[in-house]
Amino acid sequence: MADSMDEDMPEEEEAPLRKDLTCPVCQGIFQDPVLLPCSHSFCRECLQKSIEFNKNCPLCREVVPEGVQPTSNRALSNACETFLKQSNWRSSQKPPSDEFTCSLHLKPLELYCEKDEEPVCVDCVTLHNTHMLWPLKEGAPMCKKELRFKVQIFEKKVETYKKMTRKLGNAVEYIKYQAEQAEKQVKAEFERLHEALVTEESLRLKALATDEEQKIAALNELIEKTNKDIIALNKLSDNLNKEMGNEDLPFLRNFQKLKREAQWTREEPHLTDDCLLNMGKHVGALSFNIWKKMQAHVKYNPVVLNPNTASPWLFLNADLSSVKESTERLTTPDNPERFDPCVFVLGAEGYTSGKHRWDVIVGDNPKWIVGVCKESVPRKKKFTVSTNRGVWSIGLSKGVYTVSTPERTELQVQQRPERIRIKLNIDKGEVSFWDGGTAKHLVTLTHEFDEKMFPIFGPGLHSTPMTMASAKIAVHTS
């Protein structure tokens with residue numbers, strides 16, 4: 001008899017005992033079994049995983065009282081160990097499972113639970129008694145419809161990304177155009193200043209080329225990333241379409257995985273705020289930056305216009321010191337800084353502190369606006385110019401001078417000014433307007449400026465340019 005204990009148990013005697021020693025959750029021989037108050041036993045690990053989401057017994061659905069710890073079933077544990085030794089069966093082995101049967105009840109999967117998004121058997125109905133259950137033939141189309149909607153979203157994203165790729169490509173070409181225009185301006189200045197400025201010219205052209213290379217490289221990188229996103233989106237769509245062609249049951253079993261994978265969290269491609277060349281850096285106030293060598297030939301403009309903010313209906317001259325109406329809409333990138341449809345342009349430099357002063361020659365233009373504005377002023381929609389909108393300015397329209405208060409206060413002017421002087425005192429919270437020709441004070445507006453402030457110009461749709469007056473230069477050395 002002792003020898004027979006070491007031999008393998010006959011299969012016909014082993015099967016009933018194995019069933020009694022099988023965990024109803026994992027379908028394997030009990031490992032560290034524990035006993036619930038309802039008298040049902042489970043592997044400790046299986047029970048812990050089960051009650052994490054549902055505080056009920058996995059078999060009878062009786063509620064496990066709060067704070068009650070399952071009791072170790074030592075007798076069952078010993079019986080399992082003896083069985084494993086006698087049957088020579090390793091605890092790591094599991095009985096073969098049929099992928100089309102319920103792992104809990106070993107019955108065919110014939111229903112689909114809409115809430116849990118998984119196929120179930122008829123005996124699982126009591127476990128899903130509050131859920132909507134569907135036949136497999138009705139559940140599969142529901143899931144396919146949801147994924148088909150995902151596919152449509154991805155297809156629309158592909159088209160959006162393709163449009164953005166074209167827009168990014170146009171921005172690259174515009175940067176090249178900017179670089180070409182800047183290069184001409186730089187060379188003209190250095191030719192005028194000639195030999196004494198050869199070294200400075202070389203340095204500035206190198207900086208321009210580096211800036212152009214970096215800006216284009218950044219956009220090319222974004223284009224490449226966008227193209228990769230397009231490929232990834234197409235791949236996602238193709239994979240979902242392929243999976244939706246499978247049989248219903250395999251498809252439904254894989255539905256949760258497909259749904260998790262059918263997500264798109266990457267950022268949409270877009271032009272960044274500083275994607276274009278900073279033209280003011282390369283050609284703005286260029287002569288002033290080299291005044292030490294050629295003081296007599298230096299021309300200094302306190303304000304340099306920023307072409308990246310200019311409306312497509314405005315034309316700026318080469319050194320960014322004047323602006324006027326363009327006879328036709330210019331082809332420019334729709335970058336975030338640009339005004340469109342409003343016809344404005346900002347100065348290249350913004351101010352957060354200190355005193356600043358500049359003159360604008362408006363000439364005999366019948367309509368114009370000059371002043372300062374917050375950096376956050378709207379760029380892509382029409383708005384009424386007023387202090388409520390973050391603009392402190394004066395203007396001329398239909399022969400009437402006005403101040404940009406919410407009530408559009410009329411400004412009494414004895415003599416028509418052709419030169420407007422703007423004085424901005426950030427620390428004091430004042431912006432004042434003067435007749436630059438007679439030095440007569442026109443109006444002062446006060447505000448506690450809490451943003452970076454930029455000069456703003458609206459030259460009106462008129463052929464006469466609005467020009468930034470150059471300032472006198474005094475050089476002091478010690």
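In which order do the seven strands of the open sheet stand, and is their pairing parallel or antiparallel? I looked this up first in the model, which is a predicted one. The order I noted is β7-β8-β19-β10-β15-β16-β17, and the pairing is antiparallel. I then turned to the edges, where β7 (314-316) and β17 (440-446) each have a single partner strand, so that one side of each is left without a neighbour in the sheet. From one strand to the next, the twist averages 20°.

**Entry: the β17 edge.** I followed β17 to its partner, strand β16 (residues 430-435), and found the two paired in the antiparallel sense over six bridges. Within this pair I looked up Val 431, whose bridge partner in β17 is Leu 445.

**Entry: the β7 edge.** At the other edge I noted that β7 pairs with strand β8 (residues 322-325) over three bridges, in the antiparallel sense, and that Phe 315 stands opposite Lys 324 in β8. The hairpin of β7 and β8 has five residues between the strands, and there I recorded a positive phi near 60° for Leu 320. Going on from β8, I looked at its pairing with strand β19 (residues 466-468), which is antiparallel and runs over two bridges; here Ser 322 stands opposite Thr 467 in β19.

**Entry: the cores.** Which residues have the most contacts inside the largest nonpolar core? I found them to be Ile 394 and Phe 457, in a core of 62 residues. The largest share of this core, ten residues, comes from helix α5 (residues 136-193). I then listed the contacts of Phe 457, leaving aside its neighbours within four places in sequence, and among them are Val 303, Leu 305, Phe 344, Trp 358 and Ile 369. The list for Phe 457 also includes Met 466 and Met 468, and I noted that residues 466-468 make up strand β19 of the sheet entry above. A second, separate core has 29 residues, including Cys 124, Met 244, Ala 262 and Trp 264.

**Entry: helix α5.** How far apart are the end C-alpha atoms of α5, and what should its 58 residues span? I took 1.5 Å a residue, which gives an expected span of 86 Å, and the end C-alpha atoms are 84 Å apart, which agrees. Just after α5, I noted that His 194 takes a positive phi of about 60°.

Definitions and conventions
Residues are numbered from 1 along each chain as its sequence is written. This is a predicted model: local features need pLDDT of at least 70, side-chain atom pairs count only at pLDDT 80 or more; totals for chains, interfaces and linings use all residues. Side-chain values use heavy atoms; hydrogens and water are left out. Two strands pair if DSSP finds at least two bridges between them. Helices (H or I, at least four residues) and strands (E, at least two) are DSSP runs, numbered from the N terminus. Axes are lines fitted to C-alpha atoms, for helices over the stretch in contact, and angles run from 0 to 180 degrees between N-to-C directions. A nonpolar core is a set of buried Ala, Val, Leu, Ile, Met, Phe, Trp, Tyr and Cys residues joined through side-chain atoms within 4.5 Å. Buried means under 20% relative accessible area, exposed over 50%, partly exposed in between (1.4 Å probe, protein chains only). Contact means heavy atoms within 4.5 Å. The expected span of a helix is 1.5 Å times one less than its number of residues.
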